[in-house]
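Trainee: Hi! Could you walk me through this one? I've never looked at it before.

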Amino acid sequence: MPYALAIIRYRRPLEDVVANTDDHRAYLRALHQEGVLLASGPFDPRHGGALLLRLPDENPVAALDAIRDADPFWQRGIAQYELLPWNPVIGKEGLDRLGS
């Protein structure tokens, strides 16, 4: 199973981020229920956040782009994404069991 990290960096003031956080988190909860999002959360200090994602075996890069494109933070210009396909070596078996 392919994995990826998405680094999210805010492009707007924190009050804009906070005003859009409920929609962003609702989107992330849906990804989590689908088994795509394994973990997420903001950085401390709060200048962005990160997502740990499980991608489909078929066309993972397109899936990663689609995940970014559907996020309200991205759609509203609140944040930019850095998408990093990831090949975990240590602990991969544990990741494979998460959400299954």
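Mentor: Happy to. First a term we'll need: helices here are DSSP runs of H or I with at least four residues, strands are runs of E with at least two, and both are numbered from the N terminus. Also keep in mind that this is a predicted model.

Trainee: Okay, so where is D65 placed by that numbering?

Mentor: D65 sits in helix 2.

Trainee: And is D65 buried, exposed or partly exposed?

Mentor: D65 counts as partly exposed because its relative accessible area is 28%, and the partly exposed class runs between the 20% and 50% cut-offs.

Trainee: How far is D65 from E82?

Mentor: Their C-alpha atoms are separated by 10 Å, with the two positions 17 residues apart along the chain.

Trainee: What about L64, which element holds that one?

Mentor: Helix 2 again holds L64. With a relative accessible area of 4%, L64 is buried.

Trainee: What does L64 touch, skipping residues up to four places away in sequence?

Mentor: Its partners are A4, L53, L55, L83, L84 and P85. Take L84 as an example: it is 20 residues from L64 along the chain, and the two C-alpha atoms are separated by 9.0 Å.

Trainee: Let's switch to helix 1. How many residues does it have?

Mentor: Helix 1 has 20 residues, running over 14–33. From first C-alpha to last it reaches 27 Å, close to the 28 Å expected at 1.5 Å a residue.

Trainee: Where does helix 1 bend?

Mentor: At N20, by about 50°.

Trainee: Tell me about N20 then. Is it buried or exposed?

Mentor: N20 has a relative accessible area of 13%, so it is buried. Its side chain reaches the backbone oxygen of D16 at 2.8 Å.

Trainee: And which residues does N20 contact, leaving aside neighbours within four places?

Mentor: F73, R76 and I78.

Trainee: Which other residues of helix 1 are buried along with N20?

Mentor: V17, T21, H24, Y27, L28 and L31 are buried too.

Trainee: Is there some logic to how those are spaced?

Mentor: Here's a handy general point: an α-helix has 3.6 residues a turn, so residues three or four places apart point the same way.

Trainee: Nice. What covers the buried residues of helix 1?

Mentor: The cover includes strand 1 (3–10), strand 2 (37–42), strand 3 (48–54), helix 2 (60–70) and helix 3 (72–75).

Trainee: How about V18 in helix 1, is it buried, exposed or partly exposed?

Mentor: V18 lies in helix 1 and is partly exposed, at a relative accessible area of 48%. Its C-alpha is 22 Å from that of L38, which is 20 residues away along the chain.

Trainee: What happens just after helix 1?

Mentor: G35 takes a positive phi there, of about 85°.

Trainee: Which residue has a positive phi although it is not a glycine?

Mentor: N59 does, at about 55°. N59 is in the loop between strand 3 and helix 2.

Trainee: New topic: pockets. What volume does the largest pocket have?

Mentor: About 180 Å³. It is lined by 16 residues, and the closest to its centre are H24, R25, L28, G41 and P42.

Trainee: Which element gives the most to that lining?

Mentor: Helix 1, with 5 residues. Strand 1, helix 1, strand 2 and strand 3 each supply at least two. H24 and L28 also appeared among the buried residues of helix 1.

Trainee: Last one: which two residues does a cis peptide bond join?

Mentor: D44 and P45, with omega at about 10°. D44 is in the loop between strand 2 and strand 3, and P45 is found in that loop as well.

Trainee: Is D44 buried or exposed?

Mentor: Exposed, because its relative accessible area is 79%, and exposed means over 50%. D44 and L95 are 24 Å apart in space, C-alpha to C-alpha, and 51 residues apart in sequence.

Trainee: Thanks, that gives me places to start looking!

Definitions and conventions. Residues numbered from 1 in each chain as written. Predicted model: local features only at pLDDT ≥ 70, side-chain atom pairs only at ≥ 80, totals over all residues. Heavy atoms only, no water. Buried < 20%, exposed > 50% of the residue type's maximum accessible area, 1.4 Å probe, protein only. Polar contact = N/O pair within 3.5 Å; in protein donor to acceptor, adjacent residues only side chain to side chain. Contact = heavy atoms within 4.5 Å. Expected span 1.5 Å × (residues − 1). Bend = angle between axes of the 7 residues up to and from the residue. 1 Å grid on protein atoms, 1.4 Å probe; cavity = no way out; pocket = protein on both sides within 12 Å on 5 of 7 lines; lining within 4 Å. Points joined across faces, edges and corners; volume = space filled by probe spheres on them.
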